[in-house]
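This report introduces selected features of a protein model to a reader who has not met it before. The sequence and structure are shown first, and the description follows.

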Amino acid sequence: MSFLKSDTPIDLVKHLVVMAVATAALVFGFFFVYLPLTTNHGETIVVPKITGMNQSDLEDYLDERNLRYFVDDSSYNPGTRPFTVLNQDPAPGEKVKEDRKIYITVAMQNPPVIKMPKLTDGSEKNAQMIISSYGLTVGKLIKVPDVRQNQVLRQLVDGKEITPGSPIAKGTRVDLEVGDGLGNQEFAVPNLINMPADEATTLLVGQGLQLGETFYQEPQDGETEGTVVKQRPVASPVATIRMGQLVDIWVAGKAPLSEVKD
């Protein structure tokens, strides 16, 4: 009768070494032989610059370089030819694998239509900021007689008033009608001669006028110190003035200490 003998410790070690070598060979072959052959490991393509190109030319151009493209977004630029590539991702010069998609933004053929914002009753400067933020274009600034200085009175497109909320294409020129701060009400120039300077100032303010320069000179014969002895514009039966305009005065006597400049 014969008995099977169990492996000796030396045989067991041999078996373990053989298994370890075989496993290492499999791992090495998978990562360093199989994967490189199937995925072109280590082979990259430099992304070309395609911004500025027309979308119709991309198919052949990228096929030759084993790349593809995908239109990810579009925007309107009035100074750019429709379907021109505006942006790309990845950027030019980056290295990518074969068959990689390049995501692009192209220029739209027609401008998008938005709602006209409200520009009236605000300042001219604020209206210009709103126009730019909406993708519109600032047109002409038309000054009209009105005491509301630099306030937008009307918003116009092609000479016609456009109401807030009306449809309007981006890039459209919007003209602004703005008050000149003077108004169109004309009246006779008030006569300030021989009036105390403070009363003359009060009268000007009450009539919607502004005190311009105040000049002081030595009193002449018959002139009372502190009174107005000359004004510009001069009061006359035919002289008129508009609201908001300036009136300069000459006062007899020396300037108050509060008005004396160093």
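## Helix 3 and its two faces

In this predicted model, helix 3 spans residues 124–133, and its buried residues are Glu-124, Ala-127 and Ile-131. Viewed along the helix axis, these buried residues lie within an arc of 60 degrees, so they line one face of helix 3. An α-helix has 3.6 residues a turn, so residues three or four places apart point the same way.

The buried residues of helix 3 pack against three strands: strand 7 (137–144), strand 8 (152–157) and strand 11 (173–179). On the face turned away from the buried side, helix 3 carries the exposed residues Lys-125, Met-129 and Ser-133. Just after helix 3 comes Gly-135, which takes a positive phi of about 80 degrees.

## The loop between strands 7 and 8

Gln-149 is located in the loop that joins strand 7 to strand 8. Gln-149 is exposed, because its relative accessible area is 56%, and the cut-off for exposed is over 50%.

Beyond residues up to four places away in sequence, Gln-149 touches Gly-179, Asp-180 and Gly-181. Leu-182 is 33 residues from Gln-149 in sequence, with a C-alpha to C-alpha separation of 7.4 Å.

## Nonpolar cores

The largest nonpolar core has 14 residues, of which Leu-192, Leu-209, Ile-241, Val-247 and Ile-249 touch the most other members. Helix 4 (197–206) and strand 16 (246–252) each contribute at least two residues to this core. A second, separate core comprises 13 residues, including Ile-114, Ala-127, Ile-131 and Val-174.

Outside its neighbours within four places in sequence, Ile-249 has contacts that include Leu-192, Leu-211, Phe-215 and Val-228.

Definitions and conventions: Residues numbered from 1 in each chain as written. Predicted model: local features only at pLDDT ≥ 70, side-chain atom pairs only at ≥ 80, totals over all residues. Heavy atoms only, no water. Core = buried A, V, L, I, M, F, W, Y, C linked by side-chain atoms within 4.5 Å. Buried < 20%, exposed > 50% of the residue type's maximum accessible area, 1.4 Å probe, protein only. Helix = DSSP H or I, 4+ residues; strand = E, 2+ residues; numbered from the N terminus. Contact = heavy atoms within 4.5 Å. Arc of directions from axis to C-beta.
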